[in-house]
Amino acid sequence: MEGHRRGQHGQHYESLQAMVRFELARGPAELRGRSDSGCRTVLRLHRALLWLQLFLEGLRTARTDSRTAAICTEAYNASLAAHHPWVVRKAATLAFCALPSRDAFLEVMNVGPAEQAVAMLGEAIPHIQSVYGITQELFAQHRLLDLP
């Protein structure tokens, strides 16, 4: 995205809305055919943001003895898994097993004790939901949610 911002058409990448208008004006075939399009890049980030939102909400609301790997897997299955081939899904699920316990994970966030991290997540998650919602609405409006 920084390359787009610094490139010859950088002025069209100053906002999400401007980028969508610019890339759609170049034609849907161009948009779908370029793996480096801003819309495709943002869509991938958008999908990852949903995973992050679900994962953090899972951490926030889980019992203290909950397994982080299970929370992460549940968030992954509800978001990114649908966009990955079988081998990536299996590798991701295996990688989640290396995550520390919920409380250790919350402590690594460097916010303080687990209770303080949970409170911070309660404040942060609505902002993540807001950003996700704006992008979801814009991409749905322009039928961009199924870009490859």
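Leaving aside its neighbours within four places in sequence, which residues is F96 in contact with? Keep that question in mind while orienting yourself, and note before selecting anything that the model on screen is a predicted one.

**The whole chain**

Start with the cartoon of the full chain, where you will find eight helices and zero strands, so that reading along the sequence gives the pattern α-α-α-α-α-α-α-α. The C-alpha trace spans about 50 × 35 × 25 Å along its principal axes, and 36% of the 148 residues count as buried. If you display contacts with a separation of 6 or more, 59% of them are accounted for by residues 24 or more positions apart. With a surface switched on, the chain exposes about 8800 Å², of which carbon and sulfur atoms supply 57%.

Next, select residues 8-110, which UniProt lists, in an unreviewed entry, as "domain: Glycolipid transfer protein". Over this stretch the chain is 66% helix and 0% strand, and the C-alpha atoms at its two ends are 40 Å apart.

**Helix α6, from the surface inwards**

Now select helix α6, residues 86-96, and begin with V87, which is found in this helix. V87 is exposed, with a relative accessible area of 54%, and together with W86 and V88 it forms a nonpolar patch on the surface, with about 310 Å² of accessible area for the three together.

Move along to A95, which also lies in helix α6 and is partly exposed at a relative accessible area of 48%. To gauge distance across the model, draw a line from the C-alpha atom of A95 to that of H142: the two residues are 47 residues apart along the chain, and these atoms are separated by 35 Å.

F96, again in helix α6, counts as buried because its relative accessibility is 11%, under the 20% cut-off for burial. Here the opening question can be answered: with neighbours within four places in sequence left aside, F96 is in contact with A69, C72, T73 and Y76. T68 is also worth labelling, since its C-alpha atom is 7.9 Å from that of F96, although the two are 28 residues apart in sequence.

**The nonpolar cores**

F96 leads to the largest nonpolar core, which has 24 residues, and in which F55, L56, L59, Y76, F96, L106 and L121 touch the most other members. The elements giving two or more residues to this core are α4 (38-61), α5 (68-77), α6, α7 (102-108) and α8 (114-141), and α8 gives the most, with seven residues.

Select L106 and show what surrounds it: not counting residues up to four places away in sequence, L106 touches L59, G112, A114, A117, V118 and L121. A second, separate core has twelve residues, among them C39, L43, L138 and L144.

**Helix α2 and H46**

Turn to helix α2, residues 16-25, in which A18, M19, V20, F22 and E23 are buried. Hide the rest of the chain and then bring back α3 (28-33), α4 and α8, which are among the elements that cover these buried residues. After α2 comes G27, whose phi is positive, near 110 degrees.

While α4 is displayed, select H46, which is found in this helix and is buried, with a relative accessible area of 4%. Not counting residues up to four places away in sequence, H46 touches Y132, T135, Q136 and L145.

**Salt bridges**

The last stop is the charged side chains, where the structure holds four salt bridges, including the three described here. Side chains of opposite charge can pair when their charged atoms come close.

In α4, the side chains of E57 and R60 meet in a salt bridge of 2.8 Å, N to O; both residues lie in this helix, three residues apart, which is about one turn. E57 is partly exposed at a relative accessible area of 25%, and R60 is partly exposed at 30%.

For the next pair, select R63 and D65, whose side chains meet at 3.1 Å, N to O. R63 counts as exposed at 59% relative accessibility, and D65 counts as exposed at 52%.

Finish with D103 and R102, which form a salt bridge whose closest N and O atoms are 3.1 Å apart. Which of these partners is buried, and which is partly exposed? D103 is partly exposed, with a relative accessible area of 28%, whereas R102 is buried, with a relative accessible area of 5%.

How values were computed. Residues are numbered from 1 along each chain as its sequence is written. This is a predicted model: local features need pLDDT of at least 70, side-chain atom pairs count only at pLDDT 80 or more; totals for chains, interfaces and linings use all residues. Side-chain values use heavy atoms; hydrogens and water are left out. Patches are made of residues with over 30% relative accessible area and no salt bridge: like charges are joined within 9 Å, nonpolar side chains (Val, Leu, Ile, Met, Phe, Trp, Tyr) within 5 Å. Accessible areas come from the Shrake-Rupley method with a 1.4 Å probe; for residues, only the protein chains shown count as cover. Helices (H or I, at least four residues) and strands (E, at least two) are DSSP runs, numbered from the N terminus. Buried means under 20% relative accessible area, exposed over 50%, partly exposed in between (1.4 Å probe, protein chains only). UniProt positions are given in the numbering used here, feature names are shortened, and annotations may be inferred rather than shown by experiment. Contact means heavy atoms within 4.5 Å. A nonpolar core is a set of buried Ala, Val, Leu, Ile, Met, Phe, Trp, Tyr and Cys residues joined through side-chain atoms within 4.5 Å.
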